[in-house]
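Please open the model in your viewer and keep the sequence panel beside it, since each stop below begins with a selection to make.

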Amino acid sequence: MSQAPITPITLHGGAGKLAAWEVLPPAGVDTLGTVVLVPGFTGSKEDFEALLPLLAAAGYRAVAYDQRGQWQSEGPDDISGYTMPDFVGDLHLVVDQVSPAAPIHLIGHSFGGYVSRVAVIERPARFRSFTLLASGPSSVEDINFPPPAMVAQVVEAGGQEAIWQQMATALAGAGLPAEKLEFLHNRIVQTKKANILGILKTMEVPPVKDPAALRDAGVPILVAYGDTGDLWPPSVHEAFAAQLNARTAVFHGVGHLPNEEVPEQVSADLVDFWKEQA
């Protein structure tokens, strides 16, 4: 079966146009539901490029978007337009546009998982399931990440190029092709400085004060993560899943981007989880 094509679409958020990708199930494959994927800090819809066609091949209409001010999406120039309610409001608008009546499956990667868990608490009836993909409890403890306020000082002083230099150092031994590195560089430079600073400000506090609020929303949850511990140790993900009464999917030998490193395994685990909710 040929791979379903990725189609660029435009969605609308609270601060302007949101660039998005959509992949539909191929001809002859029944549509089993709609999936919305939310990227993380310094990310974009391209983080799901390998995953979207796999989900579509399994029967799911899949939509990923750049959050406000990220990469190709519009967003304000002031940090005040990048609060958690702003990001969550955009996600609610996206869900209502892509699936006005039926609830959807939601996947939030890293910071996208922060935004998504608040959305699930606010409007649980709009979601058939929720997957935290490489998205731990918070960015303030039990995480291998500098304090967000410290990173913000670097960005304030040197702009997007300063954070790219930090990323490039971390990626130096990853063996990425030149065109991938060029894309990553272009993406961070074209992501609004206010977006980066706004997210860092938002990450100074846990996205959800009490995990019980997410658990009690009643939406089935999957905690999916790589076990190399490059951001959160596996034990932190395991404890978080236990607090949420969530299922887990562990990707062995994989880091913070299982959606890029092992998309076939991620897709298979997601589909298994969703079929249990059918």
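Select lysine 45 first, which in this predicted model has a relative accessibility of 1% and therefore counts as buried, the cut-off being under 20%. Lysine 45 belongs to the loop that runs between strand 3 (33–38) and helix 1 (51–57). If you now add alanine 20 to the selection, you will find that the two C-alpha atoms are 6.6 Å apart in space, although the residues are 25 apart in sequence. To see the rest of the surroundings, leave aside the neighbours within four places in sequence and display the residues in contact with lysine 45, which are Ala19, Ala20, Trp21, Pro39, Ala64, Tyr65, Asp66, Trp71 and Gln72.

Next, move to arginine 68, in the loop between strand 4 (60–65) and helix 2 (84–98). Is arginine 68 buried or exposed? With a relative accessibility of 6%, arginine 68 counts as buried. Its contacts, again without the neighbours within four places in sequence, include Gly14, Ala15 and Leu18, then Ser73, Glu74 and Pro76, and also Asp86, Asp90 and Asn195.

Now select helix 4 (residues 148–171) together with helix 5 (residues 178–190). Two packed helices are described by the angle between their axes and by the distance between those axes. Here the angle is about 150° and the axes are 9 Å apart, which makes helix 4 roughly antiparallel to helix 5. The crossing of helix 4 and helix 5 is right-handed. Show the side chains at this contact, where Gln160, Glu161, Ile163, Trp164, Met167 and Leu171 of helix 4 meet Leu181, Leu184, His185, Ile188 and Val189 of helix 5. Taken by class, the residues of this contact between helix 4 and helix 5 comprise 8 nonpolar, 2 polar and 1 charged.

Finish at helix 8 (residues 234–244), and colour Val236, His237, Phe240, Ala241 and Leu244, which are buried. Looking along the axis, you can see why these residues lie on the same side of helix 8: they cover an arc of only 135° around that axis. Which elements should you display to see what covers the buried residues of helix 8? Among them are helix 3 (111–122) and helix 7 (211–215), as well as strand 6 (127–133), strand 7 (221–226) and strand 8 (247–251). As a last selection, take asparagine 245, just after helix 8, where phi is positive at about 55°.

Technical notes: Residues are numbered from 1 along each chain as its sequence is written. This is a predicted model: local features need pLDDT of at least 70, side-chain atom pairs count only at pLDDT 80 or more; totals for chains, interfaces and linings use all residues. Side-chain values use heavy atoms; hydrogens and water are left out. Buried means under 20% relative accessible area, exposed over 50%, partly exposed in between (1.4 Å probe, protein chains only). Helices (H or I, at least four residues) and strands (E, at least two) are DSSP runs, numbered from the N terminus. The arc is that of the directions from the helix axis to the C-beta atoms. Contact means heavy atoms within 4.5 Å. Axes are lines fitted to C-alpha atoms, for helices over the stretch in contact, and angles run from 0 to 180 degrees between N-to-C directions. Angles under 35 degrees count as roughly parallel, over 145 as roughly antiparallel, 65 to 115 as roughly perpendicular and the rest as oblique. A crossing is left-handed if the near helix is turned anticlockwise from the far one by less than a right angle, and right-handed if clockwise. Ala, Val, Leu, Ile, Met, Phe, Trp, Tyr, Cys and Pro count as nonpolar, Asp, Glu, Lys and Arg as charged, and the others, Gly among them, as polar.
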